[in-house]
Every structure is written in structure tokens, then in C-alpha cells.
Number of protein chains: 6
Amino acid sequence: MKKSNHIDQYGNVRMVNISEKSVTLRKAVAIGTISVNSDVISSINNKLNKKGDVLAVSQVAGIQAAKNTSSLIPLTHQILLKSVTINFEIIDLDIICTCEVISEGKTGVEIEALFATEVALLTIYDMCKYIDRNMIIKEVKLLMKKGGKSGDFKREK
Amino acid sequence: MKKSNHIDQYGNVRMVNISEKSVTLRKAVAIGTISVNSDVISSINNKLNKKGDVLAVSQVAGIQAAKNTSSLIPLTHQILLKSVTINFEIIDLDIICTCEVISEGKTGVEIEALFATEVALLTIYDMCKYIDRNMIIKEVKLLMKKGGKSGDFKREK
Amino acid sequence: MKKSNHIDQYGNVRMVNISEKSVTLRKAVAIGTISVNSDVISSINNKLNKKGDVLAVSQVAGIQAAKNTSSLIPLTHQILLKSVTINFEIIDLDIICTCEVISEGKTGVEIEALFATEVALLTIYDMCKYIDRNMIIKEVKLLMKKGGKSGDFKREK
Amino acid sequence: MKKSNHIDQYGNVRMVNISEKSVTLRKAVAIGTISVNSDVISSINNKLNKKGDVLAVSQVAGIQAAKNTSSLIPLTHQILLKSVTINFEIIDLDIICTCEVISEGKTGVEIEALFATEVALLTIYDMCKYIDRNMIIKEVKLLMKKGGKSGDFKREK
Amino acid sequence: MKKSNHIDQYGNVRMVNISEKSVTLRKAVAIGTISVNSDVISSINNKLNKKGDVLAVSQVAGIQAAKNTSSLIPLTHQILLKSVTINFEIIDLDIICTCEVISEGKTGVEIEALFATEVALLTIYDMCKYIDRNMIIKEVKLLMKKGGKSGDFKREK
Amino acid sequence: MKKSNHIDQYGNVRMVNISEKSVTLRKAVAIGTISVNSDVISSINNKLNKKGDVLAVSQVAGIQAAKNTSSLIPLTHQILLKSVTINFEIIDLDIICTCEVISEGKTGVEIEALFATEVALLTIYDMCKYIDRNMIIKEVKLLMKKGGKSGDFKREK
């Protein structure tokens, strides 16, 4: 297991010190899926949802969430995001959400990308739960990450 | 597909009117899993994580998230939660999170339970990402739901 | 000028006590307008805006704002909203926003309706400012209000 | 109409990428007015309002709002503000609010100045609504803007 | 030590279930003091502070804090406050803050009163720190509490 | 009393302009104490609290509060914190909280350190109030501060 000279031997909860890290361009892409029934797919494709345009609302929700990450995930640092983009692709009964976040700073943005993905998918769930109560949010994960000392990451197929 | 006399034929985004609904006891249980490597499991079991006690922090994060649901998921109603409980179970390389939310009111609490689950799992991810970057959050879903006009729900095995 | 036995003779800022008031159905409708140039109107009508569907995003923003009123307007009470609806009408170079808010409780919802209107209009401004920098938000006002001891209100033409 | 190579041909909602922009000093001044009756003017001038000093509370509300802009206006970027100043001038039955915001960064601060103005005026409304229910918030607009690639702006008389 | 049948033998963090409790009028009064030097006292009494009227801003800050308690203190329940009043008294070099909070509900409001007191005192500190860096916030405590099953409380002299 | 060329002779509330200040490493350490009875000490030492591990939850609460300072303390600037560490020491019936905050920027972080201390102590209070209602939060103060034009500060014994 990776060791760290930051380990507090008393088990204290802490926000790790990043002041010595260098400022670099940071980018992360996360992906996640929600499985729904065919009525949900029709409702979305035909923009028939009684609460409005499901995917547009979910994109707004995801973007807002990305900016709010440090309030919800306790030990993350505050980051000024430079770009957030959320895309949806529908394959059969899966709605696949991809979220790309870009920033510059001393720490990465993968948690922001993952959080935006989770919130965008849950917003779809919320807006479609009157149609289908068996939806499942699955496989939320990091696709790639760039910038920072720990090196780039690209998920293998 | 379920019809609704609330449908706005102009496709407007709206927060559906719940003022006519009756106040009942509401309960929802959500479940979700994060798959991690064995170093993460050891780190959690031995409370060695450099940021502190992973599961305790994740419980706090999930509880706080449940209370904040209506700020993050755009069309949800504000609800005063009466109880939030988050439990973790570790089975092999899976950390399984179960979240139960109780309220009284005119609308259900399944989104609150699902959101708390998502945030608790992502907090584990955040605190352990320096150990494992291949973690996957998977199968976030509703287990059961009680109270309200649309009837009880219990996921079939 | 209306007198009040709540007046604090020392000029203290306070959140007025509403615990003696009775719970009634509350409804308020606010209206406001943003004047834009014809390029903005075309961009909205043709959904060409580079940031997405302007009116859908503005509706989401207004709804979220309504729920957040008590965090932004210091002396307002927290209220659980039962319904928020935002509609837009385009007349020549004016985009007119109408917002209806419904609640049940001990205090009215006109500030919520007005705040949602302000935020929806400013979101239009934000999304269109790259097209027109001379936009003006004008005539944000209460149209009607129902429920509560102070009596109903309906703005005269 | 202004073209943009950022246009997403699928109409996706996005937070535009500003990471390529340069950091400059940014300044924006917004102005707005609330029209009230003479009882409101007396109440403010004599600091008789039952909730406290109306203009001081409204200044605090406006400053807090400026800092919170990116949580309320969905596609705005997070900005660290360096200065927020709010002034009021009373001319007959109009209370005129001017708000100046200064920052350094990759994006402008006009939305922050406009939002602070809207919130300061609505706080006056909230604190005076027990005296006058016909108040109107009108002519909220940008007066000037400095810094950034799109050039300076000064509203013509 | 008080026993509780709610004790979770696994040490889980939880938001205790209050759904069985009855709704009663709740009131709590907290008190706290900040000790400052004589320049601070003069600055406040003569309203000379370079940031504005110190006590008015601190009252607004305290009221806003009371409404936000459940976001900051993790295991508190959300409560709709009916009244928040903050008063200051200056005795020699002590500024004494008293905060009364009233609500109706299933849980008490002492944490809200204490939190508002802490924030009001810290706002004084923030606005006066350019004058005195030795200020101390001291003796923040509950004065009285009414309503609820655990009985009334009144601090003995 | 310290003079300032920033003084607004009209007594306006303002967020002081820091755009001319230079960026330096900032550090502040605050300390505070809560006095409790011996049952509280046993409950904490034996991790018997019915709501969970008191000190871990309080650390999370303090860290979250530090990041939220500018939303609660009205005239503080937004700051991106680089590190937050909270430690507890138990001496007899006193639980002593020390909080260190590090940042880089144009303004100091003492308010962040003090606010985190206040919130951590109040979280202990909240989680232990069912055991002891006479707890007192006392002596919250700045221990040291480094960086910035006004010079370093170290509290004398």
C-alpha cells in the first residue's frame, strides 16, 4: 500500500496540505450509466416528461453540482472550475452520461467529474421516477485524468 | 406510459404541485456499492487512511447530503428529514452502503436516500483515490419505499 | 404609516416572530421583463445559444432560486414550497417571465416568486450577454398574492 | 449574430471553457432602482423599519449574493471577488442602488454586480412590504465593465 | 450516564429519529461575549468602523447562521425557525450577545441559538480585527430552553 | 485608533478591496475549549456516544465550516484553502480544539481558523447535549497568524 509522510498517527480527519504542489492544467473525464425502461426512453426522446426537458435539466444539475463539490464531499479542496461539459448518449435502455471537467490548480478534478455524473444521473432518476421505479445507476467511474504529480490516468478497456 | 393531468403541453420545467397531497410517514431505503482493491479494504479496516476514518467521514457526508438534496437535484421539493441512517458492509472487495431516510410530509424521500448513498460512496472514493484509481461506484438503486399515494415499493430479488 | 407592536425601539435587525400566525394556503405570482435585441430573440427562438436552451436553463435557475430564498434575502423565513412554475412569453424584444409559487404555512411567498423571477431573468442575461450587452431587466413586481392575515393582493392594471 | 467556435451543434448546456483566457483585473458596475411610496421613504430615512436598518441589511445581502452568484446563476464560473461596494441614493420615491465589483481572473464580473443589485433591491422590498405592496424593481442594468478580451463597455446615456 | 435505546452498538454516525416526537413550541436563549480593547468599543459606539455598522451586520450574520445551522452542524435536524432575535449589550470592554430563537417542531432550537451567537460574535471579530488582534470569544452557553420531552432548562446563576 | 484611507464617510457596509495586496502564504492557528462534565468525557473516550464518534464528526464539521466561512461571515473574502487540520486534546473536563488553516492569497485565514474552531466545538456540544446541558464554549481565540502586510502575530502567554 502507498505510504505517505502525511499520515497522522492519531487518525485525525484532515484536509491534506496542497500548498507545496504546483499549478498545472487539470482535466478529468467521468462516465456513468442509468438503466431505465422503454417508457422512460420514449418520454425523454419525445420530450414528454411532465417536469420538462429531462436531459437539459440534468446537464444544469450536473454543472451546478461540479461547482459545489467541496461543500458535499468533505475533504476535497475548493477549486475554480474553468469548464464543465456533460453529454448523454442513449444506447437501448441505457442512458450514458459523460462529464469532462477542466481546471488549473494544485489538485485534480476527478471528484468534480464523478460528482457531476452522479447528480446528472440522479436528476434523470428524479424526473422519471413516476414512470419507472426500477431504474439503476451503475458503473460511475473515472475514464481519464490529466495533470498533477501523480501522473496521468486512462482506464483500460 | 403513465399519463398525468399535470403535463404542461409547452414542455415547461416545473416543480410539480404537491399541496393537495396528504401528509404521511415516508420511508425509503437505497443501496449502492463501491468496488475497490484489497489495499483500500486493508486501509479502511485498519483505519490507516491518511485522511482519517473513512467510513465515519462518509456517513457524515451522506447525512449532510440527504439534508441538501433539494439544492442539488433541481425539481425535488424541500423536505424536513426526521432520520437518516447509513450503514456499510464489506464483502470481499465491495463496500456496500445502505441508507434509510424517514420523513413526514407530502412527498417521498427516495431521492434523498439515493443521493446520500451516492455521496457516501464518492466520499470513500475521494479518501481512497491515492491508493486505487480503478474504483467503480455501481448499482445505486432503491430497495424499498413506504408512504404516499403511489403505493409502497419493494425491489424484487 | 402602518404601526406595529413588534417595533424594537433600539433599531435591532430581527426576523419577525410568526409563530402565532395560522397556517394557510399561500400563493403569489410575480412578473418581470428583460428587454433584449433581435439577435437574442433569434438565438432563443432557434435554440442557437452556445450555452444551451436558454429558457429551460432559466426555468431551472428560477426554481432553484425560489427554494433558496431564505439564504439570500436575510430576514425571510424558511418555507417549504409546494409548487414553483415559471413561464416565458416573448413579445417583440421583451421576454416576459411569470412565476407562480404555492406553499402552506405561516408566511407568504411573494419574495420567493419575485426572487425566482429576478434569477430567471438574470440567467437569460448571462446566457445572452455575448450577443447583447445592453439588455435591461425591468418591472419586476408582484401580480397577486393570496392567503394570510394581511389580505389578498391583486395589482391594478 | 456573433458566431462562436464553442457552439455545440447538439444544443448541450455547458459551462464555457475559459482556461485559455488571460488573467486581468476585472471591474463591473451595475445599477437598479426600486420605486416605493412616501411611507417607505420616511421609514428608511428615519430608520423606523420594524426589522432594522433597511439599507445596511440590504448592503449585507447584496455583498453575500455577489459571493454566491455561481451557485444561483447556473452557467457562471466561480470567481474570487476582491471587492464589493453597494451604494444607495434616494431621489424622490426612487431608491437607486449602484454596485461595483472588482476581481482578477479569466472571466468578467458583470453578473455578480447585477445579482448583488437585484438582491439588495429585493431585500429593501422584503423589509418594506408591510408598508407598501406596490413597489416595483426596475431598470436593473450594467453601467460599465472593464477588463477581458471582449473589450470595455460603458452604457451610453 | 444517560442510557438510550437508540444506541447503535456498531458506533455508526446517525441523525437520530425524531418522527415519534410531538410537535411543541420550542424556544432557546443563548449568550456569549467577546472581549475587545477600548478602540474597538469607541469604533462601534461611534459607528466609525471602516466596513460599516458592526452590530447591524453582526445581527444579520447571526440570523442567517441560525437558518443555516443544519448545513453546518452535521447531525442536527432541519428546522423552520419562526423567530430569531439578537441583542447586544456593551459592558466595559465586553460585548455581550444574547440570541433568542423560537420554532415549532419535534426538536429543540438550542444549537440554532448557540450557532447564531457564535457567528454574530465572530462577525464582530472580523470587522474589528484591524483594530485589535487580541479579542477573545468567551462563555458561549445556553441560558434557557423551553418545550420538548427532555424538560425545560434554565441555567443557574 | 488605526486610521484607514478606505474609510467610507457615509458608513456604508463594504467588502474591503484587496486587489492591490500581494499573494503570500497565509497560515493561522486558532484555539478554543469546551468544558463538559465527566460523563461526556467518558462517552467520548469510550466512543459510546449514541450519534457516533464525536471527535471525528467534529473534525469533519470544522473542516467543512472553514471552507464555508465566506458564506457565513458577511464581509470576508472567498479564499481557496490549501490545508485544514483540527486536533483535540482532553485535559480533565476541558476538550481543547486547535485548528490550523493554510492558504495562499491576498488576505489572511484567521477567520477561517476561528470559525472552524467554533463549529467543531459546537458539534461536540450538539452530540453530547443529551448527556450534559451545562457545557460552555470558552476562550475561542487566535494563537498565531503568518503572512500578509499587517505582520505576523503570536499571542503572548
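**Chains E and F, D and A, and a strand of B**

Trainee: How does chain E lie on chain F?
Mentor: Chain E can be laid on chain F by a turn of 180° and a shift of 0.0 Å along the axis, with an RMSD of 0.0 Å. That is the relation of a two-fold axis. The superposition is by least squares on the C-alpha atoms of residues with pLDDT of at least 70 in both copies.

Trainee: Is this a predicted model, and what are the ground rules?
Mentor: This is a predicted model: local features need pLDDT of at least 70, side-chain atom pairs count only at pLDDT 80 or more, and totals for chains, interfaces and linings use all residues. Residues are numbered from 1 along each chain as its sequence is written, while chains are lettered from A and ligands numbered from 1 in the order in which they are written.

Trainee: Which residue of chain E comes closest to the rotation axis?
Mentor: E:Lys138, at 2.1 Å by its C-alpha.

Trainee: New topic. How many residues of chain D are in contact with chain A?
Mentor: 14, against 17 residues of chain A. Contact means C-beta atoms, placed from the backbone, within 7 Å.

Trainee: What joins strand 3 of chain A to strand 1 of chain D?
Mentor: Two bridges, and the strands run antiparallel. Strands are DSSP runs (E, at least two residues), numbered from the N terminus. Two strands pair if DSSP finds at least two bridges between them. A:Thr85 stands opposite D:Arg14.

Trainee: And which strand does strand 2 of chain B join over twelve bridges?
Mentor: Strand 4 (residues 94-105) of chain B, antiparallel. B:Val29 has B:Glu100 as its bridge partner there.

Key: Contact = placed C-beta atoms within 7 Å. Helix = DSSP H or I, 4+ residues; strand = E, 2+ residues; numbered from the N terminus.
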